[in-house]
Amino acid sequence: MKKENKQNNIILIGFMGVGKGTVARALVKATDYFAVDTDDLVESIENKKIKKIFKENGELYFRELEKKCALWCEKNLKNTIISTGGGFYRQENINKIGKVVYLQSTFEAILEGLRNAPNSKQKFKKRPLLNDLDEAKKIYDQRVKEYEKVADIIINVEDWDEKKAVKNILKAIKG
Ligand code: S3P
């Protein structure tokens, strides 16, 4: 463990589309934790979808909002599962917010999951950084080591078995 987890939060990090929100919801069902999502928090303070924030204000502005969100999470959340946007792991205080769980999968498995989802088109459309898949692969390759570096716990979710992921996360948290 990188830091004492006083607030008892669990932060899910990992690449776009890996299933952070799905695993967060499954964790809520299995425990008495509540959950929030950093993309949802950012959208609600701006009253704008992420896609529109990227388009109208640019990625840097979005990253500033993520920073504000990270500081708020550190100060205000406890006993909470926090699912995050794929770039949120870069926040300087990430390890102060709670225990960081990296949901790990291959780029190919992530794409396959997104393509097989019932609302597949929407899942691609809402993510500006998935517009160009060659670029997305470059971002993936660059981030893999960085995700590992900030993680307290690494959970492989390549098989899309969310129940197994929940079991493994809770086992690892109890340590
Ligand atoms: C991003 C991931 C997105 C969202 C934004 C940027 C990223 O969240 O925060 O489009 O930099 O990886 P998801 O990981 O939920 O797709």
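These legends walk through close-up views of a predicted model.

**View 1. Five strands line up in an open sheet.** Let's start with the sheet, whose strands follow the order β2-β3-β1-β4-β5 with parallel pairing. Strands β2 and β5 (153-156) stand at the edges with a single partner strand each, so one side of each has no neighbour in the sheet. On average, and ignoring direction, neighbouring strands are turned by 25° against each other.

**View 2. Strand β3 pairs with β1 and with β2.** Here we zoom in on β3, which covers residues 80-83. Three bridges join β3 to strand β1 (residues 10-13), and the two run parallel. In this pairing, S83 of β3 is the bridge partner of L12. Strand β2 (residues 34-37) also runs parallel to β3, and four bridges join them. Look for I82 of β3, the bridge partner of V36, and for T80 of β3, which stands opposite F34.

**View 3. The side chains of β3 point two ways.** T80 and I82 point one way from the strand, while I81 and S83 point the other way. Are these residues buried or exposed? All of them are buried.

**View 4. Helices α1 and α9 pack on the sheet.** Helix α1 (residues 20-30) touches β1, β2, β3 and β4 (99-104). The direction of α1 makes about 170° with that of β3. Helix α9 (residues 162-174) touches β1, β4 and β5, and its direction makes about 160° with that of β5.

**View 5. A nonpolar core brings together 53 residues.** This is the largest nonpolar core of the model, and the residues with the most contacts inside it are L12, I13, F15, V101, L103 and I169. Which helix gives the largest share of this core? Helix α8 (residues 133-150) does, with six residues. To follow one residue through the view, pick I169: beyond its neighbours within four places in sequence, I169 is in contact with L12, V23, L27, V101, L103 and I155.

**View 6. Helix α6 crosses α8.** The last view shows helix α6 (residues 107-116) packed with α8 at an angle of about 135°, their axes 11 Å apart. The angle lies between 115 and 145 degrees, so α6 counts as oblique to α8. The crossing is right-handed. On the α6 side, the contact is made by F107, E108, I110, L111 and R115. Helix α8 meets them with L133, A136, K137 and Y140.

Note on methods: Residues are numbered from 1 along each chain as its sequence is written. This is a predicted model: local features need pLDDT of at least 70, side-chain atom pairs count only at pLDDT 80 or more; totals for chains, interfaces and linings use all residues. Side-chain values use heavy atoms; hydrogens and water are left out. A nonpolar core is a set of buried Ala, Val, Leu, Ile, Met, Phe, Trp, Tyr and Cys residues joined through side-chain atoms within 4.5 Å. Buried means under 20% relative accessible area, exposed over 50%, partly exposed in between (1.4 Å probe, protein chains only). Contact means heavy atoms within 4.5 Å. Two strands pair if DSSP finds at least two bridges between them. Axes are lines fitted to C-alpha atoms, for helices over the stretch in contact, and angles run from 0 to 180 degrees between N-to-C directions. Angles under 35 degrees count as roughly parallel, over 145 as roughly antiparallel, 65 to 115 as roughly perpendicular and the rest as oblique. A crossing is left-handed if the near helix is turned anticlockwise from the far one by less than a right angle, and right-handed if clockwise.
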